[in-house]
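Trainee: I'd like to learn how to read a model like this one step by step. Can you walk me through it?

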Amino acid sequence: MITNTELEYKGDLYPTKIVSYDHEVDSVSFYTDNSVILKVTVLRDSLIRFRFTTKGYFSNDFSYAIDKSHTHGYNFLEVTDEDEYYQIKTSKVKCKIQKIDMRLSIFDLNDCIILEDELGFHWEESYELGGNIVKMSKTSKDGECFYGLGDKATQLNLKGKRLENFATDQYAFQKDQEPLYKVVPFYIGLHNKKSYGIFFDNTFRTYFDFCHERRNVTSYWAEGGEMNYYFIYGPQMEDVVTTYTDLTGKPELPPLWALGYHQCKWSYYPESNLKEVAAKFRELKIPCDALYLDIDYMEGFRCFTWNKEYFPDPKRMVAELAEDGFKTVVIIDPGIKIDKEYFVYKEALEKDYFCKRADGPYMKGKVWPGECNFPDYTNPVVREWWAGLFKELISDIGVKGVWNDMNEPAVMEVPNKTFPMDVRHDYDGNPCSHRKAHNIYGTQMARATYHGVKRFAYPKRPFVITRSAYAGAQRYSSSWTGDNIATWEHLWIANIQMQRMSISGMGFTGSDIGGFAEQPSGELYARWIQLGVFHPFCRTHSSGDHGDQEPWAFDEEVIDITRKFVNLRYQLLPYLYTMFWQYIEQGIPMLKPLVYFDQEDIQTHYRNDEFIFGNQILVCPILEPNALGRRMYIPRGDWYNYWTNEYCKGGKEIWIDTKFDEIPIFVKAGSIIPKYPVQQYVGELEFDELSLDVYYKLGKEKSVVYEDAQDGYDYKKGRYSFLSFQTNGKNNELIVQVHKEGKYDTQYSKYKINLIGLPFAIKAIQIDNVEFLFDRETLKKESYLIVDKGFTALHIIGE
Ligand code: MIG
């Protein structure tokens, strides 16, 4: 482990003078006389890879994180040899590499400095283990802020922090605790109103220091592997995040039910208990789409088996739940019980699929089933075998989703909580020790699980959730933030973690609502549900050992609040689904911290609590007990209070009163928010109207609505419906224009248009230039219109 003095370490080595370079297509390589090579690859005008070796040659280029289908190609590339430096210029940036010491700096085309080496690349040789500890330091600019890095339990702006990336089962983690379950070595820097990103694609244990050790220095280093990082230029944070997400990949659309409300506990058993939970949801009319089986459903915690005493006929049970609209999701852990009678163990042993120690014996560790061996998911043959194991669960029994836990990997009763570092891994044909494979083990497990579930769920879409993840895991799986605690502080943490995951490419994430460890008060649970319905993944989960955490474990008021907010989530499903579609298509984060929303407003740089849900809804949770309201920052622009429809001008901090059954929610003026009727589960109702909440604004605004069959793959063949709306508000007129794309015909035939904030009384309405007859009195009272969906222009004309 490296301590505070890493940058001053006397034994550090540095590149010497550059003695030659060559340029081949998109790559320029620079050679020093001490065998360092820097290979600069221009993937896009604003995406440049920097890869260093100290050996005089590069080892095989392999990454689990990079999505092979990411788009690359640049418009312009020019390499020039100046007196003191080489310059690589694209249509977005200039990169200068100093001849004397290989230090580099990057400028935009107006010569504004974006990123600059301090010591730059340096390294420490590691005699014991071989290879290098690779290090990088950059100077930090005045007022520079830092964001990203996945699920860190600390302030959104990482300035002043040192963070560690080493996937760890961190039960009941605390604020600022490091490291946690996931590893996303990607950060965003922001200074002079310009954003850039750094993705340090190195799976060894990594550290990031954002002006913690030294005020003007940002550094990052790894305990092994290569100094291999990608620089992404913005200048908008959106450009950085979407480019990063494109590079490391996007998921496919989840089935819509996966965006519903999920209920989990450790554990629901036996069958009658699970059925009671299901019945209670329907009785109380709290929508719910998925129920989870934690480890007790298995026979002695053996994966792919069932405890027949608790669940005598899983297939029948799963089918009965399905009839009532519930999908069943089951947990699967990586530890395979050492048991000669157990088919999974026998097969893996026979085929030699388990991880081995350096000297040959299988890696043995204790987890829930007792002594276990662990499949080497970094071996493609093992992944294929693992995928095949899901046949019975998915095809025969009808389970709809799989939950991968303990895949950091977690091992019990050992001080480092995981495998010893000498364990060997295939690493897809690049054999290595656990030092290198540790951080991606969980992702490779989730990947294998995803392929299995997908294969057997076909033609439906798979659903997978994982606890551990490395950058790129979003291609395969959703995730949750692990074992949090039922405290107000953890509600604060969850809010930030989800925003951070969202801008770190891994948007389909949620926290254990109410807290996993310990018992939430009704008030805390209510406040958590009020936030949780705005997280892409929305699940209540608890350890179950200190009382119940279903909504009805609390009093009537909390039950009503839960229903009200889960109902709201179900109404907003088309909005949420559209967010998801923008995420999978364009890499746009589903949750946007205020700094992402408006980086030019420095008021946003240190905000933590408020965020934008999708593009148009501003949400701010209540994070304290007994709150009668709170202070919050309304970002620049025009907003409406969701509850009162009152107009609110942004760009200021305000106090807002709230009731216990509300949290501050604002809608951007000009928006059109689509809503479905409340359903108890996705697909319960057939309905003939899509509600459109139209918020008047003086001027123009765009809104979009993506829909499809809600499951299956027809959307990839063009069977989707994409509506783009443009609102244009004038002093005495509101125009709504619609453009439709796609071959999917939605089930409804009408829009119910709710007019909000009109500054005038309506005199006339025209649809596609034809006078539309309406009942003045009802319109005045209800302020909505029912209109056939086929129109292209709606004119609302004032008195
Ligand atoms: O050692 O499966 O984070 O969600 O309920 C605990 C039991 C193992 C940890 C997971 C949690 C799950 C629990 N698991």
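**Domains and how they meet**

Mentor: Let's start with domains. This is a predicted model, and the centres of domain 1 and domain 3, taken over C-alpha atoms, are 34 Å apart. Their contact draws on 15 residues from domain 1 and 9 residues from domain 3.

Trainee: Where along the chain do the domains run?

Mentor: The assignment puts domain 1 at 4-244, domain 2 at 287-480, domain 3 at 591-668 and domain 4 at 686-798.

Trainee: OK, now the overall shape. What radius of gyration does the chain have, and what would a compact globule have?

Mentor: The idea is to set the value beside the one a globule with that many residues would have. For 799 residues a compact globule would come out near 28 Å, and the chain has 27 Å, so the two agree. Along the principal axes, the C-alpha trace spans about 85 × 70 × 50 Å.

Trainee: And how many helices and strands are in there?

Mentor: You'll find 13 helices and 51 strands in the chain. For contacts, look at how far apart in sequence the partners sit: of those with a separation of 6 or more, 69% are between residues 24 or more positions apart.

Trainee: What about the surface and the charges?

Mentor: The chain exposes about 28600 Å², with carbon and sulfur atoms supplying 48% of that area. On the inside, 65% of the 799 residues count as buried. For charges, you count each sign and then ask where the two sets are centred. Here there are 93 positive and 115 negative side chains, and their centres lie 2 Å apart.

Trainee: Let's zoom in on single residues. Is His605 buried or exposed?

Mentor: Relative accessibility settles that one. His605 has 10%, and the cut-off for buried is under 20%, so His605 counts as buried. As for its place, His605 sits in the loop between helix H12 (594-597) and strand E35 (611-613).

Trainee: Which residues does His605 touch?

Mentor: Leaving out residues up to four places away in sequence, His605 touches Cys145, Tyr147, Asn157, Leu190, Val595 and Gln599.

Trainee: Can you give me a histidine in a strand to set beside that?

Mentor: Try His122, which is in strand E9 (residues 113-125). With a relative accessible area of 0%, His122 is buried. His122 and Phe52 also show how sequence and space can part ways: they are 70 residues apart in sequence, while their C-alpha atoms are 9.8 Å apart.

Trainee: What should I look for in the backbone?

Mentor: Unusual torsions. Most peptide bonds are trans, and most residues other than glycine have a negative phi.

Trainee: Which peptide bonds here are cis?

Mentor: Two to look at: the bond joining Gly234 and Pro235 is cis, with omega about 5 degrees. Pro235 is in the loop between strand E18 (228-233) and helix H1 (237-248). The bond from Glu408 to Pro409 is cis too, with omega near -5 degrees, and Pro409 lies in the loop between strand E25 (401-404) and strand E26 (424-425).

Trainee: And where is phi positive in a residue other than glycine?

Mentor: Asn192 is one of them, with phi near 50 degrees, in the loop between strand E14 (186-191) and strand E15 (194-200). Asn626 has phi near 55 degrees and is placed in the loop between strand E36 (617-619) and strand E37 (629-634). Asn626 is also exposed, because its relative accessible area is 64%.

Conventions
Residues are numbered from 1 along each chain as its sequence is written. This is a predicted model: local features need pLDDT of at least 70, side-chain atom pairs count only at pLDDT 80 or more; totals for chains, interfaces and linings use all residues. Side-chain values use heavy atoms; hydrogens and water are left out. Helices (H or I, at least four residues) and strands (E, at least two) are DSSP runs, numbered from the N terminus. The radius of gyration is taken over C-alpha atoms; the globule rule is 2.2 Å times the number of residues to the power 0.38. Buried means under 20% relative accessible area, exposed over 50%, partly exposed in between (1.4 Å probe, protein chains only). Contact means heavy atoms within 4.5 Å. Accessible areas come from the Shrake-Rupley method with a 1.4 Å probe; for residues, only the protein chains shown count as cover. Lys and Arg count as positive and Asp and Glu as negative; His and the chain ends are not counted. The place of a charge is taken as NZ of Lys, CZ of Arg, CG of Asp or CD of Glu. Domain bounds come from an automatic or database domain assignment.
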